[in-house]
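The following exercises concern the structure shown below. Each one sets a task and then works through the solution step by step.

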Amino acid sequence: MFQVEGWSDLKVRRFPDGFLFGAGTSAYQVEGAWNEDGKGESIWDKYLHDNPDIISDGRNGDVASNSYHQYKRDVEMLRELGVDYYRFSISWSRVLPRGFSNEINEKGLEYYDKLIDELLKYNIKPMITLYHFDLPQTLQDFGGWANPLSTEWFEDYAAVIFKAFAHKVPYWITVNQPNSICVEGYGQGLMAPAISSSGIGDYMCIKNVLVAHARAYRLYEREYKKKFKGSVGIALALNWADPVNNSTKNVEATDVYREFMIGLYMHPIWSKDGGFPKMVKERVHQNSIKQGFKKSRLPALSKEEVTLLKGSSDFVGVNHYTTVLVKSTDRGMSAPSFDDDVHVELTYRPEWKNATSSWLKSVPYGIYRVCVYLNTKYDYPQMFVTEHGWSTRPGLKDDTRVENLRLYLKAILFAIEDGTDLKGYTTWSLMDNVEWVAGTSERFGLYEVDFESEDKNRTARLSALVYKRIIDKRIVEDDYKPNNLKMSITNRNVKTEL
Ligand SMILES: CCCCCCCCCCCCC/C=C/[C@@H](O)[C@@H](N)CO[C@@H]1O[C@H](CO)[C@@H](O)[C@H](O)[C@H]1O
């Protein structure tokens with residue numbers, strides 16, 4: 001059993017046979033070529049072009065890590081690491097420049113086809129995310145994810161991508177982090193399209209994104225599952241939250257926080273009864289009525305939608321970075337708002353080590369706790385860690401990333417030992433990239449990208465060598481120190497089933 005304090009023991013745990021290691025990126029963050037070869041504008045292109053001053057270091061995704069031109073080098077890096085799979089996303093507006101499926105940009109499809117073939121040539125399986133934050137701007141002009149028609153636009157887009165690649169791709173993620181898309185994008189105005197409509201726009205978006213996910217899942221299930229046997233899931237932001245202490249009101253506040261951060265997305269897909277969690281529905285409904293709304297600001301799921309969503313995932317994609325502590329509060333908050341509906345305060349332990357990103361603290365037990373929570377509450381769902389990572393400043397000797405990686409992988413080994421059905425682990429990120437409004441000021445890469453160089457050259461960091469060693473030995477060694485930072489290609493015969 002994994003203990004929060006003093007959890008380390010002397011047993012050497014091994015990653016089970018068949019456990020997969022991967023690395024991840026997303027289209028806007030690495031591709032660049034924002035308007036090349038017929039690509040249409042996305043909401044992130046527009047947002048950062050219109051608001052250059054909000055980017056911490058002024059670097060947007062116009063060129064990013066130049067993966068549109070450097071994809072062969074990216075695959076070479078994956079071969080160096082010896083990973084089993086590569087998680088990357090497709091830019092919707094690169095394939096459908098105006099968002100709708102009547103006009104397909106063949107050059108866009110060609111780019112992904114070449115990338116997939118390059119991966120398959122070296123026995124690296126593609127894990128494709130259909131949507132990682134970059135909606136075509138043309139669709140945003142019609143309300144984006146706040147428009148219920150978005151569920152149909154997404155299904156049409158998914159149909160184009162499945163038709164082109166279902167025969168080559170074993171793992172699919174429909175949508176990355178609905179809470180970031182909706183709460184940060186349509187509520188808090190922190191992510192594109194930067195709409196500030198907390199407590200209203202975010203809930204409209206959440207319903208539509210979840211239904212869109214389910215429509216894409218059902219489409220694959222109907223038309224491709226039998227033939228290609230791929231797995232389709234959704235990636236959720238599943239950070240952990242504990243009460244700041246064990247007082248009843250803080251424990252209750254933590255339950256509420258977990259239902260809004262985890263249950264809102266897990267319950268419709270993985271619970272037995274389906275739909276949004278009762279506690280969330282009741283709180284938003286009561287607040288809405290008090291505030292003079294005729295009905296809940298959280299749009300209801302119809303009976304058909306509840307059924308469509310229930311069971312609509314082969315695995316849950318766990319994007320896990322950090323842990324927060326929750327305190328109950330009576331503080332007045334601006335209303336209506338998502339924060340007012342949840343109504344808690346968050347804090348951290350001062351001793352938790354900080355990454356370069358202010359929100360990111362190293363709390364390894366959190367990943368164990370979130371796995372056990374999902375097991376208990378949702379009956380041992382199949383999982384992939386679809387993102388986990390650490391940010392630093394530039395530099396190749398990234399000891400803090402190495403330490404964080406080792407500690408979290410050990411915690412994952414405990415979670416597996418305690419029954420978690422975890423299929424794989426994806427490190428975020430393969431390389432430095434555009435960290436949204438933080439630009440390139442927060443580096444998440446196992447490979448450093450020289451953003452000053454014309455080609456955006458990549459160099460392995462210490463963490464890349466350590467990750468390679470873990471993949472090779474299938475254990476986490478505390479004392480492994482490479483003699484130098486030279487990288488070479490791993491010739492591994494990946495013997496995993498699709
Ligand atoms: C005095 C104490 C004050 C305490 C205040 C506490 C505030 C706590 C706020 C917690 C916020 C956690 C935010 C977490 C966000 C992540 O889950 C999210 N950024 C993950 O998104 C993925 O992350 C990658 C790295 O940021 C990103 O590159 C990727 O595209 C995203 O999918």
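The model is predicted.

**Exercise 1. Determine which way the side chains of S2 point and how far the strand is covered.**

Step 1. Divide the strand by direction: Tyr85, Arg87 and Ser89 point one way from S2, while Tyr86 and Phe88 point the other way.

Step 2. Consider burial on both faces: all of these residues are buried.

Step 3. Conclude for the strand: with 5 of its 5 residues buried, S2 is mostly covered.

**Exercise 2. Identify the strands that pair with S2, and give the sense of the pairing.**

Step 1. On one side, S2 (residues 85–89) is joined to S1 by 3 bridges, and the two strands run parallel. Residue partners can be named here: Gly22 stands opposite Tyr85, and Ala23 has Tyr86 as its bridge partner in S2.

Step 2. S2 also pairs with strand S3 (residues 125–131), in the parallel sense and over 5 bridges. In this pairing, Tyr85 stands opposite Lys125 of S3.

Step 3. Combine the results: Tyr85 faces Gly22 and also Lys125 in S3.

**Exercise 3. Explain why S1 is described as largely enclosed, and find its pairing with S13.**

Step 1. Examine burial. In strand S1 (residues 20–24), 5 of the 5 residues are buried, so the strand is largely enclosed by the rest of the structure.

Step 2. Examine direction. Leu20, Gly22 and Gly24 point one way from S1, Phe21 and Ala23 point the other way, and all are buried.

Step 3. Examine pairing. S1 and strand S13 (residues 422–428) form 5 bridges in the parallel sense, and Leu20 stands opposite Gly424 in S13.

**Exercise 4. Classify Leu81 as buried or exposed, and list its contacts beyond its sequence neighbours.**

Step 1. Locate the residue: Leu81 belongs to helix H3 (residues 67–81).

Step 2. Apply the burial criterion. A residue counts as buried when 20 or more other C-beta atoms lie within 10 Å of its own. Leu81 has 29 other C-beta atoms within 10 Å, and therefore is buried.

Step 3. Set aside neighbours within four places in sequence: Leu81 is then in contact with Ala23, Ala464, Tyr467, Lys468 and Ile471.

Step 4. Consider a separation across the chain: the C-alpha atoms of Leu81 and Phe276, 195 residues apart along the chain, are separated by 40 Å.

**Exercise 5. Describe the buried residues of H2 and the helices against which they pack.**

Step 1. In helix H2 (residues 43–50), the buried residues are Ile43, Trp44, Asp45, Tyr47 and Leu48.

Step 2. These buried residues pack against helix H1 (27–30) and helix H6 (137–140).

**Exercise 6. Locate the cis peptide bonds at Pro193 and Ser429, and the positive phi values at Ala33 and Arg474.**

Step 1. Ala192 and Pro193 are joined by a cis peptide bond with omega about 10°. Pro193 is in the loop between helix H8 (178–187) and helix H9 (201–223).

Step 2. A cis peptide bond also joins Trp428 and Ser429, with omega about 15°. Ser429 lies in the loop between S13 and strand S14 (447–449).

Step 3. Ala33, in the loop between H1 and H2, has phi near 45°, a positive value in a residue other than glycine. Ala33 is partly exposed, with 18 other C-beta atoms within 10 Å.

Step 4. Arg474, in the segment after helix H17 (462–473), has phi near 65°, which is likewise positive in a residue other than glycine. Arg474 is partly exposed, with 13 other C-beta atoms within 10 Å.

**Exercise 7. Characterise the shell of residues around the ligand.**

Step 1. Of the 18 residues around the ligand, Ala237, Val324, Leu346, Thr347 and Trp359 come nearest.

Step 2. By class, the shell comprises 8 nonpolar, 8 polar and 2 charged residues.

**Exercise 8. Assess the chain as a whole and the confidence of the prediction.**

Step 1. The chain contains 17 helices and 15 strands. Its radius of gyration is 22 Å, close to the 23 Å that the globule rule gives for 498 residues, so the chain is as compact as a globular protein of that length.

Step 2. Buried residues make up 55% of the 498 residues. Among contacts with a separation of 6 or more, 77% involve residues 24 or more positions apart.

Step 3. The average pLDDT of the chain is 97, and 97% of the residues score at least 70. For the complex, the predictor gives an ipTM of 0.95 and a pTM of 0.97.

How values were computed. Residues numbered from 1 in each chain as written. Predicted model: local features only at pLDDT ≥ 70, side-chain atom pairs only at ≥ 80, totals over all residues. Buried ≥ 20, exposed ≤ 12 C-beta atoms within 10 Å, placed from the backbone. Helix = DSSP H or I, 4+ residues; strand = E, 2+ residues; numbered from the N terminus. Pairing = 2+ DSSP bridges. Near = placed C-beta within 6 Å. Nonpolar A, V, L, I, M, F, W, Y, C, P; charged D, E, K, R; others polar. Rg over C-alpha atoms; globule rule 2.2 N^0.38 Å. Contact = placed C-beta atoms within 7 Å. pLDDT = per-residue confidence, 0-100.
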